[in-house]
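Okay, thanks for coming, everyone. I'd like to walk you through one structure today, so have a look at the screen and we'll start from the inside.

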Amino acid sequence: GVWGNGCTMYPSGVMSKTFGARSCPNEFQDRRLDWLIDEAHTQGMQGHAYFEKGIKLDHNSPIFNVAVENNWFVPGVDRTYAGIDHNVLDVQNPAVSSFYEKILTEFVTRYPEIDAVQWDDYVGYHSDVAGGVDRTAALTSFVQRMRTGMKQANPNVSFDVCHHNPYWGARYFAADWANWGADRAFIQAYNDANFRDEVSYVENYDGIAISDTQLHRMSEILNNPNIKSVLIFPMSGDPETAARRVSATVRGR
């Protein structure tokens with residue numbers, strides 16, 4: 001995770017110049033991402049940077065008050081996820097779109113060996129906060145501009161999305177991500193009740209995303225030759241334990 005709640009997790013010149021704060025409050029050491037990427041490549045692995053929360057902010061964001069004062073949010077509160085109220089940034093606001101484009105360009109320039117960046121369903125406008133406004137075209141244009149700027153700065157980085165299936169994304173989140181120009185797309189299948197319906201979409205894209213509460217699905221996933229890859233999201237908030245459980249599940253299947 002390199003981004004979340006409207007700020008970077010690494011020291012950022014763009015953050016500092018725009019808001020006077022070099023990053024989110026966190027315990028990252030300045031060189032931690034460099035070390036992580038180097039170690040991943042030494043082990044024959046890729047390093048993927050997760051831009052969590054996308055264009056959504058909660059009240060704990062260090063830029064929340066600035067966003068309110070400058071009318072950066074669309075009307076309404078996003079309550080897609082229980083217990084978390086999010087305000088959603090208006091990507092048609094030039095200040096917002098410029099900030100995101102600069103952040104992404106800065107990141108792939110500062111960390112030129114990163115293999116991929118990934119955006120998720122937090123890049124979207126849930127229908128409950130749409131206010132009767134169709135923001136699909138604006139969101140598509142915004143993401144395409146981010147991708148273009150990123151590729152100009154570092155053409156070797158893969159621009160990935162992990163989102164709802166293309167029907168749900170476009171219908172309920174104004175996220176027509178099939179037209180975003182993503183290099184790779186992974187389908188979120190966190191709703192286990194609809195798992196098999198989601199697989200029909202997954203087979204046409206680059207992989208599936210499940211949570212660590214769905215490890216009982218691993219045999220089904222790994223035995224399906226049409227599922228190219230699987231991402232595991234640690235709902236528990238404990239990625240090390242989740243990784244051990246995944247390893248044990250795969251070995252024991």
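**Starting from Val117**

Let's begin at Val117: leaving out residues up to four places away in sequence, Val117 touches Ala49, Phe51, Leu104, Phe107, Val108, Met150, Val157, Ser158, Phe159 and Asp160. Before I go on, do keep in mind that this is a predicted model.

So where does Val117 sit? It belongs to strand E6, with Trp119 on the one side of that strand, while Ala116, Gln118 and Asp120 are on the other, and every one of these residues is buried. In other words, both faces of E6 are covered. E6 runs over residues 116-120, and because five of the five are buried, the strand is largely enclosed by the rest of the structure.

Which strands pair with E6? One is E3, residues 48-51, which pairs with E6 in the parallel sense over four bridges. The other one I want to show you is E7, residues 158-163, and that pairing with E6 is parallel too, over five bridges. If you want to find the register on screen, look at a few partners. Ala49 has Val117 as its bridge partner in E6, and Phe51 stands opposite Trp119. Over towards E7, Asp120 stands opposite Cys162.

Now a word on E3. In a regular strand, side chains alternate between the two faces of the sheet. You can see that along E3: Ala49 and Phe51 point to one face and are buried, whereas His48 and Tyr50 point to the other face and are not buried. Put that beside E6, where the residues on both sides are buried.

Over in E7, have a look at Phe159. Is Phe159 buried or exposed? Its relative accessibility is 0%, so Phe159 counts as buried. Its contacts, again not counting residues up to four places away in sequence, include Leu104, Val117, Trp119, Val143, Arg147 and Met150. Among the others are Ala182, Asp183 and Arg184. To get a feeling for distance, go from Phe159 to Asp238: that's 79 residues along the chain, and the C-alpha atoms are separated by 26 Å.

Let's put these residues in the wider picture. The largest nonpolar core has 62 residues, and the ones that touch the most other members are Phe51, Tyr100, Phe107 and Val117. Helix H4 gives the most to this core, seven residues.

H4, residues 94-110, also turns up when we move to helix H2, as part of what covers the buried residues there. Which residues of H2 are buried? H2 covers residues 32-42, and Leu33, Ile37 and Ala40 are buried in it. Around the axis they take up an arc of only 65°, which means they lie on the same side of H2. After H2 comes Gly44, with a positive phi near 75°.

Two residues other than glycine also have positive phi. Asn71 has a phi near 55°, and you'll find Asn71 in the loop between helix H3 (64-69) and strand E5. Ala174 has a phi near 55° as well, in the loop between helix H6 (166-173) and strand E8 (184-188). Their surroundings aren't alike, though. Asn71 has 61% relative accessibility, so Asn71 counts as exposed; Ala174 has a relative accessible area of 10% and is buried.

Since I mentioned E5: Val88 is in that strand, residues 87-88. Val88 has 1% relative accessibility and therefore counts as buried. Among the residues Val88 touches are Ile55, Trp72, Phe73, Val74, Gly124 and Tyr125. Val88 and Arg184 are 96 residues apart along the chain, and 25 Å separates their C-alpha atoms.

Finally, let's zoom out. The protein chain has nine helices and 10 strands. A compact globule of 253 residues would have a radius of gyration near 18 Å, and this chain has 18 Å, so the two agree. Along the principal axes, the C-alpha atoms fill a box of roughly 55 × 45 × 35 Å. Of the 253 residues, 47% count as buried. If you take contacts between residues at least 6 apart in sequence, 61% join residues at least 24 apart. And on the outside, the chain exposes about 12,500 Å², with 48% of that supplied by carbon and sulfur atoms.

Conventions
Residues are numbered from 1 along each chain as its sequence is written. This is a predicted model: local features need pLDDT of at least 70, side-chain atom pairs count only at pLDDT 80 or more; totals for chains, interfaces and linings use all residues. Side-chain values use heavy atoms; hydrogens and water are left out. Buried means under 20% relative accessible area, exposed over 50%, partly exposed in between (1.4 Å probe, protein chains only). Two strands pair if DSSP finds at least two bridges between them. The arc is that of the directions from the helix axis to the C-beta atoms. Contact means heavy atoms within 4.5 Å. The radius of gyration is taken over C-alpha atoms; the globule rule is 2.2 Å times the number of residues to the power 0.38. Accessible areas come from the Shrake-Rupley method with a 1.4 Å probe; for residues, only the protein chains shown count as cover. A nonpolar core is a set of buried Ala, Val, Leu, Ile, Met, Phe, Trp, Tyr and Cys residues joined through side-chain atoms within 4.5 Å.
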